[in-house]
Every structure is written in structure tokens, then in C-alpha cells.
Amino acid sequence: MAIARTKQKWQWFSLLGVAAAFWGTGGLAAEHLSLGHPAFGKLEVQVRDLATFATTGNASPQLRFLIQLFPPDQQQSLREALTTRMDLEPTTVRQFVKSPIGQSFLERIGQVIRADNDVNGGSALGEALTTAASSPSGITLLSVLQAFPGKSVKVNGELGLKAVGAFTRALNQEQRAQDFVERLAQLQPKTPLPALNPAQKGPFQWQKQKIEFTNPNRTTGSIPADLYVPRGITAPAPLIVISHGLASDRTTFAYLAEHLASYGLAVLAVTHPGSDASRISSFLSGAPLDYENLPKDWAQRPFDLKFGVDAVAALVQKNPALKIDTQNVGLFGHSMGGFTVLAAAGGTVDWNAVKQRCLAAANDLFIFNISLPLQCRSVGLADLPVMPTDPRVKSVIAVNPVSSVLIGESGMANIKVPTLILSSSKDVFAPPLEEQVLPFTWLQAQPKYLAMLVPGTHFSAVGVSEKGVLPVPNDLIGPNPRLAQPFFKGLAAAFFGVFNQKNEQLRPFLSQTFANQAAQPTFQAYWVDHINPQQLQEVLAGRMGSQPRK
């Protein structure tokens, strides 16, 4: 994603946080809230009491009873949550509310938050969000409730509390998995490192040129890409192809492309039409998003990489002085690009299985993986293609990939090339357990590695710009992503150096010792090359601690 920092402190806000906040505080209404639960019957709280509580901290008896239903840590932050403003443009909110993903999201919340006459409250909530976004106070929980159509909101307290319980269990499992990965990393041997440091700039200069190529399966015209070619090399350079995530483009990982080129690697950074920054920027400015073609964007991304490599091969054939080995390809992808590179590296997609998984997810109120609705937008095509397996691909790095639904367990097992999955401990958009840790256990590739950046987020790997497409709260960005760049540069240079350049001097850097060294001083890192699936399941179920058994 191309992102820009906001100046607001949204400690409680994320897409997951919004869902949890609405489920947890769902009894709020324009005039009063009506919370029903078999344990205590019906409880009503006036919205004016909420406003008083937000201003003074004084709570009415009914509100005090409601507050006691929250976990203790959320009780302290409730006042701030009621009045904290989300700076979302009205156009953005309107587009989201009208979108298929937004409609699905609101429909699920509407099972808990009911409108007058006890109908699903999703539509009413969408109207309230749109109205609040255009108000002087912007979107706050109070302003949304005051804009909610009708005089009251009926909340299914039993279902809401079950949702909160499921959310809490999901968080606990996430933490157990991360503790387990940390303990495994601590058991990794200490590795002596050579004097060189692949996180620092390499010895080669490079030149960049823009090229264009076509994917004949697309109707969006030519695909732009930047080709980085190292100078002064004696043998043809392996080609590394970079695939960006949603709302990004070929410049997002320019810092990484330049770094890899300095180590004698040629790099092709591709802009995927349809899911790139310009398309999302147009959407946020009011242009309709082409939801009909979004499934095609998912399906065609791996083909973009194949045709991009073909285009470079054609350039080399025309100009033999261009020293690039297009039979020796490495792939690097982030988020949606993580799926792209895993699929291009051999991760097969069973579209019938994807449809079944998405159908099950759509009917499950207690799923909290934000990436699922986006992944499930892939199944809208009548004629879904078989993903290309390119024999030229020799290695793959997937950063914060979203692929659990699309590729799944059987598809991940089909990847045969060396694979590195990079995860972030605080990623709320691609939850580490579901989207990286479990998929890592499904890999049959050897060698395979999992590295987790702590406290990394979904945005730690990407470039940050004041003119970024998506205004992202600082708390979701986490520490300045520029401070994480040595981690990504060092591991990528070492990984592609070993498996594409066959440079065994770099192998010691594929270790816990170097991963943690490259992450410091702002971050820590865990590095593992194996996770026992059975032990992981026992950890998640709480039947064993994070200490692995021999």
C-alpha cells in the first residue's frame, strides 16, 4: 500500500478494532440503546448519558452496569473511544458503504446491531456513517449513534458478547502462536557472521529504465515497470521481480530494488493495473471502483509477472549486451503481492475450494481476519484461470502475504522452490497466525524460512510518503517503516544471493543471529526454519505452553 501518516491518535481504531468496538459497545443509539441478554433481560441507556460520561466521566447507574461488561482494559479507554475522531473523507465512506465488501461487513455487524422493528442494522449503520462523515464533528462513535436512523438501536447482547468472546480467543491464539515462534527462534544456533553486511549498500552501481509490456488476458493496456540493471557485472545477473500490494505501484519498493541492484541483481518492479495506487486514488476521489474486474485483478497478477519476465527476455535477445539471466528468477511480493508471488512460484489455486471457504466465511459472524473479504472478491469470474507455474522461478519471498483462502493448505504444498515468509507481529490486516504462520507449516519446500518482525505492522515494509494514497493512523503504521528497511534489505539480499546467485558466503545471514541484528535497535526479529504443526495446534488450544517439546 502507498500510505501517508495521519496526525490523529487512533489507538483504538483499526478495521478489526472498529468491528470489536461496534460489537462491544453496540448498544448505543440516537436517543437510547436497548441491550438484550438472557442473563439480565433488557437494559436501556440514554445517549445523553453517554455524552455526559464522555465529557465528565460520570456514569449513570445503567451505564455503569454496561461498562462492567467490558474487559477492564477497555473500560479505561471507553471515554476516549466515544469521542475520538476518524478523519475519513465523506467520499471514501460513501464508496465503502456502497461497495460489496462494505455491504458484507455492515451486514455482519447488523446481526448484532438491530434497527427499529428488529431488522438487520447494517443498512442503518451505513447511513449513519455516511451522515456522520459529512458532519462538522466527523466520525466518532457518538456522532454515528446520533445519526443512526430511528429512535433506538436494539442490540443482541448474547450474540454480541459471543462475538467479543470469539474476538478475545482469536487474540489469545495469535499471542500464543507468536510466543511459540519466539521460543523456537531462541533455540536456533548462534551463527558466526562474516565481516560483510548485506543490509548495507552493495558494491555495484546500477541504472534504471522504464519498460512496458502487455498481459494479453487484460484489457487495461500496457503494464508499466521499472527495470534496474547493475553495472560492471561480469556474468548475467539473476532477475528479481517485485509485486506490490493493494494501493501501491512499482515505486513502493524502489528502496529495495536499488539495494538488490547494488548487489549485482537485476530487478523488475511491476505496477499491477486495477489494484495499483492510481486506481485506488481515483476511487478515493469519487470515481467508482470497478468491482466487476477486481476478481480479474487477483487472477491476472501472477500472469503479469510471467509476461514481465518474458518482456525482459525479449529485451535481452535484442540487446545481448544486457546481462540479465531470465532463466534464473527470484520473486518478492507484499500483501496482495505476497499472494501473487506465491502463486507464481507454484502455489496452486483450487477455485472450487476457494468458493467453499468463502461461503463458509460469509456465514460465520466470528471470523476476524480482515483480509478474507478481499481474498473472496477473487471468485467473481465465470472462467477462472489455472495459475501459471513458471519453471524460471528459483526462489520466492512473501511479505505479509494474504493467501490462506486463495492458495490454502494443498496449494502451499505445491511450492517447490526455497521460500521465505516475512511476518509482522502487529499486522491487523493480514493476521500473522492465519496468513503466515499456519501457511508456513503447509509448505513442503526445502529450505523454507519464517521471519517475524516485532513490533512490525502491515506497513513496516513499504515506502511512506506525505502524498501516500491511503491515510493510515500512526498506530497502525507502527514505528517509522524506514527504520525497518535494513531488515528487509539485508534478508532479501542474503536470500536471493544464496539461492539465485549461489553465493554461499551469504548463507550465514539466513539465521536468527542476523535477522535480529538487522532488525535492531527499533525492532526484534524471530527466525525459524521449522514449526511442528501438531505442537502448534496444541499451543493454540492451550494444551501446552510456548516451550517446544523435543
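Two strands count as paired here when DSSP finds at least two bridges between them. The views below come from a predicted model.

**View 1. Strand β11 sits alongside β12 as a parallel partner.** Four bridges link β11, residues 393–399, to β12. For one contact to look at, pick Val396: its bridge partner in β12 is Thr419.

**View 2. Strand β13 is also parallel to β12.** Here we have six bridges between β12 and β13, the latter covering residues 448–454. Leu422 is a handy spot to zoom in on, as its bridge partner in β13 is Ala451. To get from β12 to β13 the chain goes by way of helix α17 (residues 432–442), and this β-α-β crossover is right-handed.

**View 3. Strand β12 is covered on both faces.** On one side we find Thr419, Ile421 and Ser423, and on the other Leu420, Leu422 and Ser424, all of them buried. That makes six of the six residues in β12 (419–424) buried, so the strand is largely enclosed by the rest of the structure.

**View 4. Cys358 and Cys376 form a disulfide.** Searching the whole structure turns up one disulfide, and this is the pair, with an S to S distance of 2.1 Å. The link is left-handed, at -95° about the S-S bond. Cys358 belongs to helix α14 (residues 351–362) and Cys376 to helix α15 (residues 371–376), so the pair ties together parts 18 residues apart in sequence. As for exposure, both Cys358 and Cys376 are buried.

How values were computed:
Residues are numbered from 1 along each chain as its sequence is written. This is a predicted model: local features need pLDDT of at least 70, side-chain atom pairs count only at pLDDT 80 or more; totals for chains, interfaces and linings use all residues. Side-chain values use heavy atoms; hydrogens and water are left out. Buried means under 20% relative accessible area, exposed over 50%, partly exposed in between (1.4 Å probe, protein chains only). Helices (H or I, at least four residues) and strands (E, at least two) are DSSP runs, numbered from the N terminus. A crossover is right-handed if, with the strands pointing away from the viewer, the path from the first strand over the helix to the second runs clockwise. A disulfide is a pair of cysteine sulfur atoms within 2.5 Å.
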